Amino acid sequence: MRRVIELRWDPILEEWVAVSNIREERPWRPSGCPFCPGSPETGSGWSVVVLENRFPMLVPEPPEPTSRRWPFIAVPGRGRCLVIVETPEHSLDDLSDLGVDGVLRVLERVRSVLEELSRDEGVVYALWFRNKGEEVGVSLTHPHSQLYAMPVIPSKVLREMRSCYRYWLEKRRCLLCEVRDAELREGTRIVYRSTDFVAYVPFWARWPFEVHIHPLKHVQSVRGMDRGTLESLAECLTKVLCGLKNLFEKPMPYVMALHEPPLRGEYPWYHTHIEVYGMYRVSGRLKYAAGAELGGGVFTYDSTPERAAEMLRRCIESRC
Ligand code: ZN
Ligand code: ZN
Ligand code: FE
C-alpha cells in the first residue's frame with residue numbers, strides 16, 4: 001500500500017486536514033505501559049521525558065503528496081509528533097495532580113522543545129495539546145500530552161491570527177489583549193488569577209466548561225518566558241485543571257491546547273494563550289458536537305458561561 005502522509009487543504013472551509021495511513025495499525029490499549037520508567041522507550045531517572053510518537057501523523061521525511069493540483073492541494077506531512085510523558089508516576093490521574101512544581105517542569109520542557117523546534121527551518125508551527133479522559137479517546141492513562149511540529153499553521157490558530165491582524169491594522173492593538181481586559185473589567189467570568197495570568201470562561205464559550213488562560217500583559221510566546229512567569233502560568237493552569245477535576249464526582253474529560261504564534265517572526269498583534277475545553281455538562285454527561293455544531297458550526301450552550309465560571313471559581317476556592 002502506498003504510504004500517504006500529507007496535509008490536505010480544504011479551500012471551501014479554509015482548513016487543513018492531516019491524512020496519514022500509517023496510523024491504521026494504531027493499537028487500542030496495548031498491554032503494559034510504554035511510558036512507565038524502565039520501559040524500553042523511556043529508560044529511567046527522569047521527571048519529564050519526550051518521546052517520538054510511534055504512530056505519527058507527521059514524519060521528518062514524508063512521501064510526495066498525492067496531489068498538488070487545484071482544487072486538490074496537499075503538502076507533505078513533514079514534521080514530528082512528540083509525546084511528553086509528564087511524570088514517572090503511572091497512577092496519577094491528571095496533570096494537575098503533579099502540583100505546581102510538577103506542572104512547571106512540564107512547561108519548562110515544552111518551552112525547551114519549542115525553542116529547539118524554532119531552529120528547524122522546515123517546521124512552521126508547534127502545537128502542544130493534551131487530551132484527558134477515555135471519552136476523548138485517550139488510550140494510555142499514564143499522564144502525558146502531545147506536541148505536533150507542523151509544516152503549516154493549524155486552521156484554528158490561523159483564523160485567530162487573521163482576525164487579530166485585521167484588528168491590529170485598524171486599531172494598532174492586540175485583539176486578544178482587548179478581550180482579556182474586557183473580561184477583567186466585567187469580572188463575572190473570571191475563574192482564577194495568578195500574578196501574571198488570568199483564567200476565564202469566555203463570553204462566547206462553546207464547551208460547557210471552556211476556560212482560556214491569558215497572560216495579563218502582551219506576552220507573545222512561551223519561548224523566552226522567564227521562570228517566574230512560567231511558574232505563574234503553572235499555578236494558573238494547575239488551579240483550572242484541579243477545578244475541572246473536582247467539579248463533579250467523575251473527573252472532567254477535557255481537551256487542552258496551547259495557542260502559540262508561529263515559531264518564527266514577531267507578532268505584536270497575537271499573544272500566547274491556553275484553551276481548555278471541559279466537556280461534561282453535568283456529572284458524567286458529555287457534551288457532543290452534533291447537528292448544530294458539526295452540521296452548522298453553531299455550538300449550543302445549555303447554561304450560561306457566567307454560571308459555569310461561578311461553579312468553577314467556587315470549586316477552585318474550596319477544593320484546590
Ligand atoms: Zn505508566
Ligand atoms: Zn496581546
Ligand atoms: Fe486561541
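Which residues line the largest cavity? Asp93, Asp94, Lys132, Leu241, Leu244, Lys245, Pro251, Met252 and Tyr254 do the job. Before we go further, keep in mind that you are looking at a predicted model.

## The cavity

Let's stay with that cavity for a moment. The structure holds one cavity of 30 Å³ or more, and the space inside the largest cavity comes to about 40 Å³. Who gives the most to its lining? That is helix H4 (residues 227-247), with three residues. If you sort the lining by class, you get five nonpolar residues, four charged ones and no polar ones.

Where does this cavity sit? Domain 1 (5-150) and domain 2 (155-319) both hand over residues to the lining, so the largest cavity lies between them.

## The second largest pocket

Now for an open space. The second largest pocket holds about 310 Å³, and 22 residues line it. Nearest its centre you'll find Asp93, Lys132, Gly133, Glu134 and Thr141. Two of these names may ring a bell: Asp93 and Lys132 also appear in the lining of the largest cavity.

Strand S6 (residues 125-132) supplies the largest share of this pocket's lining, namely three residues. The class count reads eight nonpolar, seven polar and seven charged residues. And why is the pocket said to lie between the two domains? Both domain 1 (5-150) and domain 2 (155-319) contribute residues to its lining, so it lies between them.

## Two metal sites

Time to look at the metals. Here are the two sites, side by side.

| Metal | Donors | Distances | Spacing along the chain |
|---|---|---|---|
| zinc ion (ligand 2) | Cys174 (SG), Cys177 (SG), His218 (ND1), His271 (ND1) | 2.0 to 2.3 Å | C-x2-C-x40-H-x52-H |
| iron ion (ligand 3) | Glu160 (OE), Glu160 (OE), His259 (ND1), His273 (NE2), Glu275 (OE) | 1.9 to 2.5 Å | E-x98-H-x13-H-x1-E |

What is the geometry of the zinc site? The angles among its four donor atoms run from 105 to 115°, and the site is tetrahedral. Within that site, Cys177 and His271 tie together distant parts of the chain, being 94 residues apart. Cys177 belongs to helix H3 (residues 175-186), while His271 is in the loop between strand S11 (254-259) and strand S12 (273-278).

Are these two donors buried or exposed? The cut-off to know is that buried means under 20% relative accessible area. Cys177 has 11%, so it is buried, and His271 is at 0%, so it counts as buried too.

Over at the iron ion, notice that Glu160 is listed twice among the donors, each time through an OE atom. His273 and Glu275 are also donors there. His273 is at 3% relative accessibility and therefore counts as buried. Glu275 has a relative accessible area of 3%, so Glu275 is buried as well.

## Some unusual backbone spots

A bit of background helps here. Most residues other than glycine have a negative phi, and most peptide bonds are trans.

So which peptide bond is cis in this model? The one from Trp70 to Pro71, with omega near 0°. Pro71 lies in the loop between strand S3 (49-52) and strand S4 (73-76).

Next come residues with a positive phi. Glu14 isn't a glycine, yet its phi is about 55° and positive. You can find Glu14 in the loop between strand S1 (5-10) and strand S2 (15-20). Its relative accessibility is 40%, so Glu14 counts as partly exposed.

Arg172 is another example: its phi is positive, near 60°, and it is a residue other than glycine. Look for Arg172 in the loop between helix H2 (155-171) and H3. With a relative accessible area of 53%, which is over the 50% needed, Arg172 is exposed.

## A last stop at Arg319

Finally, find Arg319 in helix H6 (residues 305-319). Arg319 has 52% relative accessibility, so it counts as exposed. How far is Arg319 from Leu247 in space? The two are 9.0 Å apart, C-alpha to C-alpha, although 72 residues separate them in sequence.

Notes: Residues numbered from 1 in each chain as written. Chains lettered and ligands numbered in written order. Predicted model: local features only at pLDDT ≥ 70, side-chain atom pairs only at ≥ 80, totals over all residues. Heavy atoms only, no water. 1 Å grid on protein atoms, 1.4 Å probe; cavity = no way out; pocket = protein on both sides within 12 Å on 5 of 7 lines; lining within 4 Å. Points joined across faces, edges and corners; volume = space filled by probe spheres on them. Helix = DSSP H or I, 4+ residues; strand = E, 2+ residues; numbered from the N terminus. Nonpolar A, V, L, I, M, F, W, Y, C, P; charged D, E, K, R; others polar. Domains from an automatic or database assignment. Donors = N, O, S within 2.8 Å, 3.2 Å for Na, K, Ca; no water. Tetrahedral: all angles 85-135°; square planar, octahedral: opposite > 155°, others 65-115°. Buried < 20%, exposed > 50% of the residue type's maximum accessible area, 1.4 Å probe, protein only.
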